[in-house]
Amino acid sequence: MNQYYYNLPPKPQSFAPPTQKKLLKDQYEVLQIELGSGTYGKVKLALNHTIKKKFAIKIISKSYMKQIFATQHILNELNYLQACKHKNIVEYIEHFEDRDNIYIVLEYCKHGTLNDLIRKRNKLTEEEAFHYFYQIAQAILYLHEKDIIHRDIKADNILLQNSDVKVCDFNWSTFLPNGGKAKPCICGTTEYMPPEVIRKEIHDKGVDIWALGVLLYYMLHGELLFRAKQKEELYEKICSKQPIKFNENLSKECLLLLQQMLAHQKRINIQQVLNSNWVIKMLRCKNNSSVLRLTPIKCRSSAQESTRFSVVSDSTYFSSSKFTAKSQDIEPSEKQGNISQGTQDQNPKKVKSSALDQNNPAFRVEKKYCS
Ligand code: AMP
């Protein structure tokens with residue numbers, strides 16, 4: 001029987017009292033340029049004039065925090081972002097808050113998301129897909145070695161910075177020490193969810209492996225493996241053990257790896273993914289230079305739609321991540337409240353990193369895996 005049922009890392013008492021009076025506006029000029037948005041609010045481009053550098057600022061409305069589980073999701077995001085330092089994970093800089101919002105300052109990834117890239121290109125070659133896949137797998141290895149599972153690996157959560165990949169969005173992440181299992185809950189994005197999550201069973205790091213398999217399939221085929229108009233139909237497709245139709249031109253090593261990552265039982269782990277014949281073959285392949293040349297995104301101002309890449313493609317694309325798990329699907333775990341009981345000021349203040357308790361066992365593994 002599985003002894004451990006960790007759902008979330010211990011919740012910090014509250015955000016640090018605003019002893020530091022540093023204000024967001026003193027350090028950053030938040031531009032009216034939208035990089036993206038989510039249920040919580042918007043991500044905007046900001047300039048730090050002192051160091052003359054651009055950053056992305058995630059602006060989370062405190063009214064969103066009133067929704068069930070929202071506070072926990074934001075605390076998750078902050079905790080894990082601060083705990084993780086890896087070249088393939090988006091870098092957390094600092095955060096502020098004022099009466100209305102929480103502001104999370106992140107490194108700016110100017111080439112959009114992997115989803116934008118796949119949509120533009122329709123599908124990628126094995127060499128191109130490998131370039132992204134390998135870096136995402138490195139990020140997952142780093143997380144799994146720290147006993148953290150991301151639980152929402154998908155093309156929209158992979159940011160691109162030149163040819164580097166940066167995993168973002170730790171809303172659904174959880175900590176599973178000692179080979180523990182997570183409580184049954186519907187978490188992540190349906191198209192990428194493994195059968196055990198949909199069947200509301202306990203689950204583990206295999207969740208990220210399945211999602212990585214779905215993502216590799218998406219890169220290589222230009223369409224998601226499981227698609228449906230209704231959530232229930234999608235659930236059925238994912239749980240049915242119908243043989244998967246793969247592109248006939250895939251190499252046998254790649255095919256085998258996909259099958260092993262998308263196994264219902266005895267799914268391989270991240271170390272085995274990285275030691276697979278496909279990965280070894282692709283690493284050996286010296287001429288692995290067919291990475292797409294990216295040019296910076298044209299950002300969205302309030303009225304404009306963005307054009308993410310200069311790569312021209314008239315291909316059709318399939319929508320992804322239509323169904324992100326909703327709060328009613330998940331098990332109640334924490335009483336919701338305001339993220340901070342402290343400040344009520346208009347000017348966003350810098351918040352000390354108390355959201356991350358370094359003594360928290362969730363973050364005890366100090367090993368570095370930056371490659
Ligand atoms: P998220 O809520 O983290 O999934 O972010 C929503 C969207 O905002 C992403 O899909 C990106 O388009 C954009 N975005 C988030 N973080 C960044 C960043 N650090 N740099 C550039 N764009 C970002």
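K200 is partly exposed, with 14 other C-beta atoms within 10 Å. This lysine is placed in the loop between α5 and α6, and its phi is near 55°, a positive value in a residue other than glycine. All of this comes from a predicted model, so read it that way. Why point out the sign of a backbone angle at all? Most residues other than glycine have a negative phi.

N178 has that feature too: its phi is positive, about 55°, although N178 is not a glycine. You'll find N178 in the loop between β9 and α5 (195–198). N178 is exposed, because just 9 other C-beta atoms lie within 10 Å and the cut-off for exposed is 12 or fewer.

**The protein as a whole**

Stepping back, the chain has 371 residues, and 44% of them count as buried. The fold is built with 10 helices and 11 strands. How much of the contact map joins residues at least 24 apart? Among contacts between residues at least 6 apart in sequence, the share is 72%.

**The annotated residues**

Now for the positions with a record attached. UniProt, in an unreviewed entry, puts the feature "active site" at D152. The same kind of record, again unreviewed, gives "binding site" at K58 and D169. Those two binding-site residues are spread over 112 residues of sequence, yet they cluster in space, with a largest C-alpha distance of 10.7 Å.

Where does each one sit? D152 is in the loop between β6 (148–149) and β7 (158–161). D169 is also in a loop, the one between β8 (164–167) and β9 (174–175). K58 belongs to strand β3 (residues 53–61).

Are they buried or exposed? The table lists them, along with G206 from helix α6, which comes up again below.

| Residue | Burial | Other C-beta atoms within 10 Å |
|---|---|---|
| D152 | buried | 25 C-beta atoms |
| K58 | buried | 25 C-beta atoms |
| D169 | buried | 24 C-beta atoms |
| G206 | buried | 20 C-beta atoms |

The label for G206 follows because 20 or more such atoms is the cut-off for buried, and G206 has 20.

What do these residues touch? Leaving aside neighbours within four places in sequence, D152 is in contact with N157, D169, N171, W172, G188 and T189. So the annotated active-site position and one of the binding-site positions are in direct contact by the C-beta criterion, which is within 7 Å. Looking from the other side, D169 touches D152 and N157, again not counting residues up to four places away. N157 therefore turns up in the contacts of D152 and of D169, with contact meaning C-beta atoms within 7 Å. K58 has its own set of partners: with residues up to four places away not counted, K58 touches V43, I104 and L106.

**G206 and helix α6**

G206 is placed in helix α6. Beyond four places in sequence, its contacts are P194 and R267. There's a further link across the chain: the C-alpha atoms of G206 and A263 are separated by 9.7 Å, with these positions 57 residues apart along the chain.

**How the helices pack**

Two packed helices are described by the angle between their axes and the distance between the axes. What are those numbers for α4 and α6? The axes of helix α4 (residues 126–145) and helix α6 (residues 206–221) come within 10 Å and cross at roughly 160°. That makes α4 roughly antiparallel to α6, and the crossing is right-handed. On the α4 side, the contact is made by E126, A129, Y132, F133, I136, A137 and I140, while α6 supplies D208, L212, L216, M219 and L220. Sorted by class, this contact has 10 nonpolar, no polar and two charged residues.

A second pair is α8 with α10. Helix α8 (residues 252–261) and helix α10 (residues 277–284) pack at an angle of about 140°, with axes 8 Å apart. These two are therefore oblique to each other. The contact involves E253, C254 and L257 of α8, met by N277, W278 and K281 of α10. Its residues divide into three nonpolar, one polar and two charged.

Terms used: Residues numbered from 1 in each chain as written. Predicted model: local features only at pLDDT ≥ 70, side-chain atom pairs only at ≥ 80, totals over all residues. Axes fitted to C-alpha atoms, helices over the stretch in contact; angles between N-to-C directions. Helix = DSSP H or I, 4+ residues; strand = E, 2+ residues; numbered from the N terminus. Parallel < 35°, antiparallel > 145°, perpendicular 65-115°, else oblique. Left-handed = near helix turned anticlockwise from the far one by under 90°. Contact = placed C-beta atoms within 7 Å. Nonpolar A, V, L, I, M, F, W, Y, C, P; charged D, E, K, R; others polar. UniProt positions renumbered as here; feature names shortened; annotations may be inferred.
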